[in-house]
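Please open the structure in your viewer and keep the sequence panel beside it, since this tour moves from one selection to the next.

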Amino acid sequence: MADVIIAACLLGVVVAFLSSAKATNYTVGGSGGWKIPSSTGVYSDWASQHTFEVGDVLVFDFDSSTHDVADVTKEDYDACNTDSPISVLSASPATYPLDIASEYYFLCTTAGHCSQGQKLAITVPEPTSGPTSSPPGSLPPPSPTTGGTTSPPSVGSSLGVAWLVLFTSILMGLLG
Ligand SMILES: [Cu+2]
């Protein structure tokens, strides 16, 4: 049984490496970073110049004494409402993994900054090929503490962890 789990872990590591090979880190705004832009269209222009994929990572580089990064709803993005962010990243550089296909909305919560254009909306489309992103959902994930000797993938993405859980779950299901 332990052999099967180790094999599943190794398979997951391999898949994680293959998956992460195409992941890209994007520094929001390029060399200008995350700040009040020179015009309100700067970040939408920047976003339109890139094609984002599941597994990519946004990197916000900013002056943390003046700015932050808040993950907000579309409604709050449109209205520049800074009162109810989903999460706030206040240390720079801040990384935000694009783990799922979705629309993502960000703004700076400092008063007036969003309305001056410090806001970002991006879309990560569903992958056009490869495995589905929906989990099997039929089995709880097994405890990760029984393997012992296999270290987690240094690529460190939650995608890798998801693959580990998925493959282990499938193999456990086949045996169970
Ligand atoms: Cu700001």
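A residue counts as buried when its relative accessible area is under 20%, and as partly exposed when that area lies between 20% and the 50% above which it is exposed. Keep in mind throughout that the model is predicted.

Begin with C114, which has 3% relative accessibility and therefore counts as buried. Now add C80 to the selection: a disulfide joins C80 to C114, with 2.0 Å from S to S, and a search of the whole structure finds one disulfide. C80 lies in the loop between α3 (74–79) and β4 (87–89), while C114 lies in the loop between β6 (102–107) and β7 (119–124), so the pair ties together parts that are 34 residues apart in sequence. Looking along the S-S bond, you will find a left-handed link, with -75 degrees about that bond. Unlike its partner, C80 counts as partly exposed, because its relative accessibility is 22%.

Next, select the copper ion and display the side chains of H67, C108, H113 and Q118, whose atoms ND1, SG, ND1 and OE1, respectively, are the protein donors, lying 2.0 to 2.1 Å from the ion. Along the chain, these donors follow the spacing H-x40-C-x4-H-x4-Q.

What arrangement do the four donor atoms make around the copper ion? The angles they subtend run from 96 to 131 degrees, which makes the arrangement tetrahedral. For reference, the ideal angle for four tetrahedral donors is 109.5 degrees.

Finish with two of the donor residues, C108 and H113, which are both buried; for C108, the relative accessibility is 0%.

How values were computed
Residues numbered from 1 in each chain as written. Predicted model: local features only at pLDDT ≥ 70, side-chain atom pairs only at ≥ 80, totals over all residues. Heavy atoms only, no water. Donors = N, O, S within 2.8 Å, 3.2 Å for Na, K, Ca; no water. Tetrahedral: all angles 85-135°; square planar, octahedral: opposite > 155°, others 65-115°. Buried < 20%, exposed > 50% of the residue type's maximum accessible area, 1.4 Å probe, protein only. Disulfide = S-S within 2.5 Å. Helix = DSSP H or I, 4+ residues; strand = E, 2+ residues; numbered from the N terminus.
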